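Biologist: Let us walk through this model together. I will ask, you answer.

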Amino acid sequence: MATTVIDINGAYQAILHRLQNMHGNVEVGIFDDGKKEPNKTSVYDVAVYNEYGTSHIPARPFMRQTVDNHEQEWADMAQKLEDRVANGMSVEQALDILGNKAEGHMKETVGQGKFKPNSPKTIKRKGSAQPLIDTGLMRESITYKVNK
């Protein structure tokens, strides 16, 4: 049995158009935008060193940990936002909502994630045992971009 849709006021076509034009994605992290720590190291480089580690810094994968901990939540949210787009929300608004949520999750991970502790030398220099937070600039540099 076939189903026929009678689109009296064009709303069905509008919904189809919005769904067919749902292109875009969100990138979340720290982008190479030229910001520098007080010691002149780029914030982007500091993030990479911490995410993957170096010969002197253990890996503290705040980005990967965030994705691992929230990937399903983001997928569920994206599904709900897709429904809202079908009912009139713009794709840009939906991606902004998703990006803002992911940005908050990543900043939260930097402050509360489970990471290898700082060395005694680092604790003495920083005056704090909190890994990943020194000046706070790296955490505050976490943002998102909507690509349409």
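Biologist: How many Å does helix H3 (62–86) reach from its first C-alpha to its last?

Modeller: This is a predicted model, where local features need pLDDT of at least 70, side-chain atom pairs count only at pLDDT 80 or more, and totals for chains, interfaces and linings use all residues. Residues are numbered from 1 along each chain as its sequence is written, and side-chain values use heavy atoms, leaving out hydrogens and water. A helix is a DSSP run of H or I, at least four residues, numbered from the N terminus. H3 has 25 residues, and the span expected at 1.5 Å a residue is 36 Å, taking 1.5 Å times one less than the number of residues; its reach is close to that, at 34 Å.

Biologist: At which residue does H3 bend?

Modeller: A bend is the angle between axes fitted to the seven residues ending at a residue and the seven starting there. For H3 that angle is about 60°, at His70.

Biologist: Is Thr54 buried, exposed or partly exposed?

Modeller: Thr54 sits in the loop between helix H2 (43–52) and H3. Buried means under 20% relative accessible area and exposed over 50%, with partly exposed in between (1.4 Å probe, protein chains only). Thr54 has 36% relative accessibility, so it counts as partly exposed.

Biologist: Which residues of H3 are buried?

Modeller: The same cut-off of under 20% applies. The list opens with Phe62, Gln65 and Thr66 and includes the bend residue, His70. The others are Trp74, Leu81, Val85 and Ala86.

Biologist: What phi does Gly88 have?

Modeller: Gly88 follows H3. Its phi is positive, near 125°.

Definitions and conventions. Helix = DSSP H or I, 4+ residues; strand = E, 2+ residues; numbered from the N terminus.
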